[in-house]
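Please look over the sequence and the model below before reading on. The paragraphs that follow take up a few helix contacts, a hairpin and some individual residues in turn.

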Amino acid sequence: MIQLTNQQARQFLLLKHGLLGDYKFNGKQGILDFTQQVSCLQYDPIDVCGKNAELVLQSRIKGFAKEMLAELLYEDRRLVDYPDKNLAIIPVEDWPYFERYRQAAHQHAERYPEMEALTAQVRAHIQNYGAISSDDLKLDGNFSWQSAIHWSGGNNISRSVLEQMYSTGELIIHHKKGTRKYYDSAEKYIPPTLLNAPEPLESELEHHKWRVLRRIGAVGLLWNRASDAWLNIWGLKAAQRNEIFQQLLHEARILAVSVEQTKDLLYCLAEDLPLIEAVLQNPVPTQRCELIAPLDNLLWDRKLINALFDFNYTWEIYTPASKRKFGYYVLPVLYGESFIGRAEIIAERKTKMLIVKNIWYENGIKLTPPLRKALEDCFQRFAVFNGCETISTTL
């Protein structure tokens with residue numbers, strides 16, 4: 001049993017995520033290294049001051065630019081859009097591990113006899129014209145459709161068929177323009193050794209163990225209780241999760257961590273033991289100020305963040321405006337080992353102005369000269385990230 005103070009647990013989490021001390025990840029290789037570490041970046045198309053995956057990376061990757069992620073996805077093909085924790089970005093090497101979901105999508109389509117002829121039309125269209133979006137494709141038919149993996153195509157036949165073929169792995173996202181997805185044949189871009197690989201983990205139990213390990217690694221510390229961190233792992237109920245945690249502990253692939261004033265045990269990957277040992281040596285890392293994404297891996301279990309950081313964060317984007325406590329698109333502000341507040345920021349791209357609309361500080365936070373300087377530097381980096389030349393803010 002590893003015993004940590006609350007401060008040591010926070011330090012461990014932040015160091016693992018590259019959010020404390022000097023930047024751990026740098027440039028395009030840093031993006032790959034971090035994505036390999038967390039296995040999955042949650043994707044969300046809303047872009048107020050950067051899309052969620054971009055916001056995750058800008059807080060960790062020195063010199064990050066949005067074009068770097070686009071290149072890794074749509075030119076280098078080292079990363080790929082695919083459902084993991086909901087809509088996500090994963091390393092292309094992980095493609096074979098989701099074969100069971102693609103097979104489920106194939107089986108699901110058998111309930112819709114119309115689908116076979118429609119998919120043939122899509123194949124012919126792509127062969128003749130290349131990558132397409134649902135706006136480019138006019139298919140005949142009229143049936144309601146529910147994707148096996150994630151989306152509901154409703155009565156938009158073109159979108160339904162494209163998403164079904166994406167769910168089976170026949171198509172991948174070739175590129176995006178804003179929120180619009182363009183699809184092309186997966187065989188053009190995914191190496192045959194990955195595209196045609198068999199399911200690496202045949203039993204459901206072994207597959208669930210693999211996914212639980214990924215989620216623990218994605219967050220850093222997790223407890224064995226209901227959590228948004230387990231979203232979109234089919235069939236993972238409490239009984240299965242309990243068995244998996246027992247087996248992973250027995251196999252010494254995870255370690256139990258007791259944190260002061262936290263009732264439930266937490267767990268980390270066994271491979272992270274050296275980082276815990278480094279924290280126990282009581283380092284004093286350099287403090288940084290960073291803006292954290294709403295769907296950041298670190299925040300996947302917000303109850304855990306509240307327990308460790310005493311920071312209660314709710315993403316209010318779907319809350320009616322009259323009931324919001326803060327704002328539409330609000331980012332947590334991290335300074336050193338603490339969340340010191342939250343900021344509502346808008347990137348006005350026509351005027352190239354970054355508008356810090358509001359900052360709400362946590363109780364007891366004083367705007368000292370070092371904190372003011374750290375915030376100014378943070379907003380300056382954030383402006384560059386958003387292509388803004390001026391900043392409007394009142395700290």
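Are α6 and α7 roughly parallel or roughly perpendicular to each other? In this predicted model, the axis of helix α6, residues 115-129, and that of helix α7, residues 157-167, come within 10 Å and cross at roughly 85 degrees. Since angles of 65 to 115 degrees count as roughly perpendicular, α6 and α7 are therefore roughly perpendicular to each other. On the α6 side the contact is made by M115, L118, T119, V122 and R123, which meet I157, V161, L162, Q164 and M165 of α7. Sorted by class, the residues of this contact between α6 and α7 are seven nonpolar, two polar and one charged.

Helix α7 also holds S158, and this serine can be followed a little further. S158 has a relative accessible area of 6% and is therefore buried, given that the term applies under 20%. Leaving aside residues up to four places away in sequence, S158 touches S134, L137, K138 and L139. By way of a distance across the model, the C-alpha atom of S158 is separated by 24 Å from that of D84, and the two residues are 74 residues apart along the chain.

A second pair of helices brings together two other parts of the chain. Helix α1, residues 6-16, and helix α11, residues 273-280, have axes that come within 10 Å and cross at roughly 130 degrees, which makes α1 oblique to α11. The crossing of these two helices, α1 and α11, is right-handed. Here Q8, Q11, F12, L15 and K16 from α1 meet L275, I276, V279 and L280 from α11, and the contact of α1 with α11 comprises six nonpolar residues, two polar residues and one charged residue.

Turning from helices to strands, one finds that β7, residues 171-177, and β8, residues 180-185, run antiparallel and are joined by six bridges. Within this pairing, I173 of β7 stands opposite Y183 in β8. The hairpin that β7 and β8 form has two residues between the strands, and in that hairpin G178 takes a positive phi near 65 degrees.

The sign of phi is worth following beyond that glycine. Most residues other than glycine have a negative phi, and against that background two loop residues deserve a look. One is S39, a residue other than glycine whose phi is positive, near 75 degrees; S39 lies in the loop between α2, residues 27-38, and β3, residues 41-42. With a relative accessibility of 10%, S39 counts as buried. The other is R77, again not a glycine, with a positive phi near 60 degrees, and R77 lies in the loop that runs between α4, residues 66-74, and β5, residues 79-81. Is R77 buried or exposed? Its relative accessible area is 12%, so R77 is buried.

How values were computed:
Residues are numbered from 1 along each chain as its sequence is written. This is a predicted model: local features need pLDDT of at least 70, side-chain atom pairs count only at pLDDT 80 or more; totals for chains, interfaces and linings use all residues. Side-chain values use heavy atoms; hydrogens and water are left out. Two strands pair if DSSP finds at least two bridges between them. Helices (H or I, at least four residues) and strands (E, at least two) are DSSP runs, numbered from the N terminus. Axes are lines fitted to C-alpha atoms, for helices over the stretch in contact, and angles run from 0 to 180 degrees between N-to-C directions. Angles under 35 degrees count as roughly parallel, over 145 as roughly antiparallel, 65 to 115 as roughly perpendicular and the rest as oblique. A crossing is left-handed if the near helix is turned anticlockwise from the far one by less than a right angle, and right-handed if clockwise. Contact means heavy atoms within 4.5 Å. Ala, Val, Leu, Ile, Met, Phe, Trp, Tyr, Cys and Pro count as nonpolar, Asp, Glu, Lys and Arg as charged, and the others, Gly among them, as polar. Buried means under 20% relative accessible area, exposed over 50%, partly exposed in between (1.4 Å probe, protein chains only).
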